[in-house]
Amino acid sequence: MPSRTDPPAPPRKRRPADDPLTRFDFQSDSLGYALRRAQLRVYERFYEMLGTMDLSPARVTALSIIAMEPEINQATLAKRLDVAGPSVLKLVDALEEGGLIRREDVADDRRRYNLVLTPAGRAKVEALRSALAAYEERLAQRLSAAERAQLMALLERVAT
């Protein structure tokens, strides 16, 4: 993805309206393409502003869920993240290896365990709070409060 310092792209040449290839324009009025472009910009901003914290967006989301839901287990975390078991296992392993969470045995069920923030994990979540607030503010800087609320509602409708 080009950065803000890259020279602007040359203007795109357009086919004449009567050219049969114009019907293959999958970008101009494509919700999927617009969402993908927005996602790329969001990820670019995320790594620009939070990259030094050594966390991916998925790890930040997982930490947030674990922080908010005491005694959450891996299967429930997978459901909250809407990912498959093997994917959440990799995520949990990475967070545990990073010292941010620990698996805690469930007293009445030897097959299960809860995911709990470690003291380092709690500190990381606290550090993330202000960094994420600045990140969110920057993402929405060109939107009014009402537009941001409307966009959030529309994206929720698209996602469900």
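## A buried leucine and its surroundings

Leu-55 is buried, since its relative accessible area is 6%, which falls under the 20% limit for that class. In this model, which is predicted rather than determined by experiment, the residue sits in the loop that joins α1 to α2. Setting aside residues up to four places away in sequence, Leu-55 touches Phe-46, Tyr-47, Val-60, Leu-63, Leu-100, Lys-124 and Leu-128. With Leu-128, the separation along the chain is 73 residues, while the C-alpha atoms of the two stand 9.9 Å apart.

### The overall form

The secondary structure of the protein consists of six helices and three strands, and these follow one another along the sequence in the pattern α-α-β-α-α-β-β-α-α. The radius of gyration is 21 Å, well over the 15 Å that the globule rule gives for 160 residues, so the protein is more spread out than a compact globule. Taken along the principal axes, the box filled by the C-alpha atoms is roughly 70 × 30 × 30 Å.

Of the 160 residues, 23% count as buried, and the accessible surface of the protein comes to about 12100 Å², with 54% of that area belonging to carbon and sulfur atoms. Among the contacts between residues at least 6 apart in sequence, 47% join residues that are at least 24 apart. As for charge, the protein has 26 positive and 23 negative charges, and the mean positions of these two sets lie 4 Å apart.

### The nonpolar core

In soluble globular proteins, nonpolar side chains tend to be buried together. Here the largest nonpolar core holds 25 residues, and the members that touch the most others are Leu-63, Ile-66, Leu-77, Leu-95 and Ile-101. The elements that each give two or more residues to this core are α1 (31-50), α2 (57-68), α3 (74-81), α4 (85-97), β3 (109-117) and α5 (119-139). Among these, α2 gives the most, with five residues.

What is Ile-66 in contact with, leaving aside its neighbours within four places in sequence? Its partners are Ile-72, Leu-77, Leu-95, Ile-101, Leu-115, Val-116 and Leu-117.

One of these partners, Val-116, lies in strand β3. Beyond residues up to four places away in sequence, Val-116 touches Ile-66, Leu-100, Ile-101, Arg-102 and Glu-104. Val-116 is 20 residues from Glu-96 in sequence, and the C-alpha atoms of this pair are 9.7 Å apart in space.

Thr-118 is found in the loop between β3 and α5. It counts as buried because its relative accessibility, 12%, is under 20%. When residues up to four places away in sequence are not counted, Thr-118 touches Gly-99, Leu-100, Ile-101 and Arg-102.

### From partly exposed to exposed

Arg-59 belongs to helix α2 and counts as partly exposed, at 30% relative accessibility. Apart from its neighbours within four places in sequence, Arg-59 is in contact with Asp-54, Leu-91, Ala-94 and Leu-95. Arg-59 and Leu-91 are 32 residues apart along the chain, yet their C-alpha atoms are separated by 6.9 Å.

Pro-20, by comparison, lies in the segment before α1 and is exposed, with a relative accessible area of 52%. Its C-alpha atom is separated by 52 Å from that of Leu-95, which is 75 residues away along the chain.

The C-alpha separations given for four pairs are set out below.

| Pair | Apart in sequence | C-alpha to C-alpha |
|---|---|---|
| Leu-55 and Leu-128 | 73 residues | 9.9 Å |
| Val-116 and Glu-96 | 20 residues | 9.7 Å |
| Arg-59 and Leu-91 | 32 residues | 6.9 Å |
| Pro-20 and Leu-95 | 75 residues | 52 Å |

### Two residues with positive phi

Most residues other than glycine have a negative phi. Glu-71 is not a glycine, but has a positive phi of about 65°. Its place is in the loop between α2 and β1 (72-73), where Glu-71 is exposed because its relative accessible area of 63% is over 50%.

Asp-82 likewise is not a glycine and has a positive phi, of about 60°. This residue is located in the loop between α3 and α4. Is Asp-82 buried or exposed? At 69% relative accessibility, Asp-82 counts as exposed.

Methods
Residues numbered from 1 in each chain as written. Predicted model: local features only at pLDDT ≥ 70, side-chain atom pairs only at ≥ 80, totals over all residues. Heavy atoms only, no water. Core = buried A, V, L, I, M, F, W, Y, C linked by side-chain atoms within 4.5 Å. Buried < 20%, exposed > 50% of the residue type's maximum accessible area, 1.4 Å probe, protein only. Helix = DSSP H or I, 4+ residues; strand = E, 2+ residues; numbered from the N terminus. Contact = heavy atoms within 4.5 Å. Rg over C-alpha atoms; globule rule 2.2 N^0.38 Å. Areas by Shrake-Rupley, 256 points an atom, 1.4 Å probe, with all protein chains shown as cover. Lys, Arg positive; Asp, Glu negative; His and termini not counted. Charge placed at Lys NZ, Arg CZ, Asp CG, Glu CD.
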